Amino acid sequence: MVRAAVLPAVSAPLEVTSIALPDPGLGQVRVRLAAAGVCHSDLSLANGTLRQPVPAVLGHEGAGTVVAVGQDVLDMAPGDRVVLNWAPNCGECHFCAQLSEPWLCTRANEATTTPYASTRSGDGLYPGLSVAAFAEETVVPRRAVLPLPPGVPLEDAALLGCAMLTGYGAVHHSARVRVGESVAVYGVGGVGLATLQSARLAGAGQIIAVDVSAEKEEMARAAGATDFVVAGEKTAKAVRGLTEGGFGADVAIECVGRAETIRAAWDSTRRGGRTTVVGIGGKDERVSLSALEIFHFARELRGCVYGDSDPARDVPVLAQHVRDGRLELGALVTERVGLEGIGEAFAAMRAGRGGRTLVVF
């Protein structure tokens, strides 16, 4: 038995309890978690914005140590330090093999629909986003495990699994930020902070952070923001007013997932600029654009899944940036808690407080 935070039903509070975790089967790896980040996507799974079979163990951003492997897993061994990958690509589907876009893999979340453990009463438990990181230990498919390069603290390495990978990818792969460009980042949570750091790494000339909370200005500037705007009724106008000539930002990256912030990000982007949406919104959130403005502004509006990243390729790159001091994983974390503190971490996300909370085991 291991302790885990279980979501018994959609919109129900998480319950910290003991679960029965089996030994790894064929093609599986068992990992003892060192830490797991609490991401807004976990909240979206818990409240039904994203589909998730229940009861489930959520948590998809984690790092830890291998404790056992299936008999056919020959490239992993107990003691290996690993990062969990919540969207493991198959390498064989149309998006993986023909388009070389593994972040769009059609089989990435297959494991979410099959129970991987059981409650104390024997009911099946589903793994949130295939990973189930809100537990002392988890069992995942081999392709959901990435070797952690040396020189990266194991606890902080959890942030490589989602926040940093997504923020870095949004800047470097999706928005393709160039040296000297201006960038506006909407939402200063864990992913927003990673995006700010990554914009600085890309050599952006002006980096404008936008958030509803004025209290986030200090950590936004520490992450790389040159300017800070408290979101309000005229957010886009305020952002444009900070840019050269008032034309707007070359790039706007939305990390919230709400129709009004997507619209504000679009409105704050210059003509011919690029607006990238990272935040995951609900299906009822509608963004309205007129046909005339699409023509007139000639902006690019695009979504961004997992930072358009290939974790196997990008995690070693990020690890090198961490070792060289260009990226700071710990700067994303505003609180470290035990498993019992996960309920408060969810409350903080709902209230828009802080950056990333890290559950430390």
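This section describes a pocket, two helix packings and two backbone features of a predicted model. Residues are numbered from 1 along each chain as its sequence is written, and side-chain values use heavy atoms, without hydrogens or water. Local features need pLDDT of at least 70 and side-chain atom pairs count only at pLDDT 80 or more, whereas totals for chains, interfaces and linings use all residues.

The second largest pocket holds about 190 Å³ of space. A pocket here is an open set of points on a 1 Å grid over the protein atoms alone, where a 1.4 Å probe fits, with protein on both sides within 12 Å along at least five of seven lines. Grid points are joined across faces, edges and corners, and the volume is the space filled by probe spheres set on the points. The lining comprises 15 residues, each with an atom within 4 Å of a point. Ala12, Pro13, Leu14, Phe346 and Arg350 lie nearest the centre. By class, the lining has 10 nonpolar, 3 polar and 2 charged residues. Nonpolar covers Ala, Val, Leu, Ile, Met, Phe, Trp, Tyr, Cys and Pro; charged covers Asp, Glu, Lys and Arg; the others, Gly among them, are polar. Helices α1 (40–46) and α10 (342–351) each supply at least two lining residues. α10 gives the most, with 4 residues. Helices (H or I, at least four residues) and strands (E, at least two) are DSSP runs, numbered from the N terminus.

Helix α3 (residues 163–174) packs against α9 (residues 311–323) at an angle of about 95°, with the axes 11 Å apart. α3 is therefore roughly perpendicular to α9 (65 to 115 degrees). Axes are lines fitted to C-alpha atoms over the stretch in contact, and angles run from 0 to 180 degrees between N-to-C directions. Met164, Leu165, Tyr168 and His173 of α3 meet α9 residues including Pro311, Arg313, Asp314 and His321; contact means heavy atoms within 4.5 Å. This contact has 7 nonpolar, 2 polar and 2 charged residues.

α3 also packs with α4 (residues 190–201), at about 45° and with the axes 7 Å apart. That angle makes α3 oblique to α4 (neither under 35, nor 65 to 115, nor over 145 degrees). The contact with α4 divides into 8 nonpolar, 7 polar and no charged residues.

Two backbone features lie in loops. The peptide bond from Val54 to Pro55 is cis, with omega near 0°. Pro55 sits between α1 and β4 (56–57). Ala132, not a glycine, has a positive phi of about 55°. Ala132 lies between β8 (124–127) and β9 (137–141).
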